[in-house]
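Colleague: Could you take me through one part of this model up close? I'd like to hear about the charged pairs and whatever sits around them, in plain bench language.

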Amino acid sequence: RHRIVVELDGQQHYSDDHGPSPRLYAEMMAEDRRLRLAGYEVYRFGGFEFTDATAGGAVALDFFERLLQRQGLLPP
């Protein structure tokens, strides 16, 4: 009964055609706060973590195993 959001953030979340964008980053953070205040747990991943399929798969597997263990849905 937990409300969870998992986001995979690519560079469009923090940059535009001209490089880093404080405006885009601020918009993303505002949305993050809105979701949290609405009762969601928000977990963000940087797209770079998934540029290698094998390493990305390991990151995702580790995260979801730990999340499910925390929720009591998998043994520790």
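Modeller: Sure, let's start with R44 and D9, whose side chains meet in a salt bridge at 2.8 Å, N to O. R44 sits in strand β4 and D9 in strand β1 (residues 3-9), so this pair ties together parts of the chain that are 35 residues apart in sequence. The two ends differ in how much they show: D9 is buried, with a relative accessible area of 8%, while R44 is partly exposed at 25%.

Keep in mind that this is a predicted model. The mean pLDDT of the protein is 91, and 100% of its residues reach 70 or more. Confidence is lowest in strand β2 (residues 15-16), with a mean of 81, and highest in helix α2 (residues 53-70), at 96.

Back to the charges. Another residue to look at beside R44 is D32, which lies in helix α1 (residues 22-37). D32 is buried, with a relative accessible area of 8%. If you leave aside its neighbours within four places in sequence, D32 is in contact with V42 and R44.

Stay in helix α1 for a moment and you'll find E31 and R34, three residues apart, about one turn of the helix. Their side chains meet in a salt bridge of 2.6 Å, N to O. Here both partners show some surface: E31 counts as partly exposed at 31% relative accessibility, and R34 is partly exposed too, at 48%.

Then go to strand β4 again for E41, which pairs with R70 in a salt bridge of 2.7 Å, N to O. This one links distant parts of the chain, with E41 in strand β4 and R70 in helix α2, 29 residues apart. R70 is exposed, with a relative accessible area of 52%. To put R44 back in its setting, salt bridges that share partners join E7, D9, D32, R36 and R44 into one network. Over the whole structure, a search finds eight salt bridges.

Strand β4 also has an aromatic side to its story. The whole structure holds four aromatic pairs. One of them is F45 with F63, an edge-to-face pair with 5.0 Å centre to centre and 85° between the planes. That pair also links distant parts of the chain: F45 is in strand β4 (residues 40-46) and F63 in helix α2, 18 residues apart. Both F45 and F63 are buried. F63 pairs with F64 as well: their ring centres are 4.9 Å apart and their planes at 75°, so this pair is edge-to-face. For F63, the relative accessibility is 14%, so it counts as buried, whereas F64 is partly exposed, with a relative accessible area of 38%. Ring pairs link Y43, F45, F50, F63 and F64 into a cluster.

One last stop is L68, placed in helix α2. L68 is partly exposed, with a relative accessible area of 33%. Together with L73 and L74, L68 forms a nonpolar patch on the surface, and the three have about 260 Å² of accessible area together.

So if you're scrolling through the structure, follow strand β4: R44 reaches D9 in strand β1, E41 reaches R70 in helix α2, and F45 pairs with F63.

Notes. Residues numbered from 1 in each chain as written. Predicted model: local features only at pLDDT ≥ 70, side-chain atom pairs only at ≥ 80, totals over all residues. Heavy atoms only, no water. pLDDT = per-residue confidence, 0-100. Helix = DSSP H or I, 4+ residues; strand = E, 2+ residues; numbered from the N terminus. Phe/Tyr/Trp six-rings, centres within 6.5 Å; stacked < 30°, edge-to-face > 60°. Buried < 20%, exposed > 50% of the residue type's maximum accessible area, 1.4 Å probe, protein only. Patch = residues over 30% accessible without salt bridge, like charges linked within 9 Å, V, L, I, M, F, W, Y side chains within 5 Å. Areas by Shrake-Rupley, 256 points an atom, 1.4 Å probe, with all protein chains shown as cover. Salt bridge = Lys/Arg side-chain N within 4 Å of Asp/Glu carboxyl O. Contact = heavy atoms within 4.5 Å.
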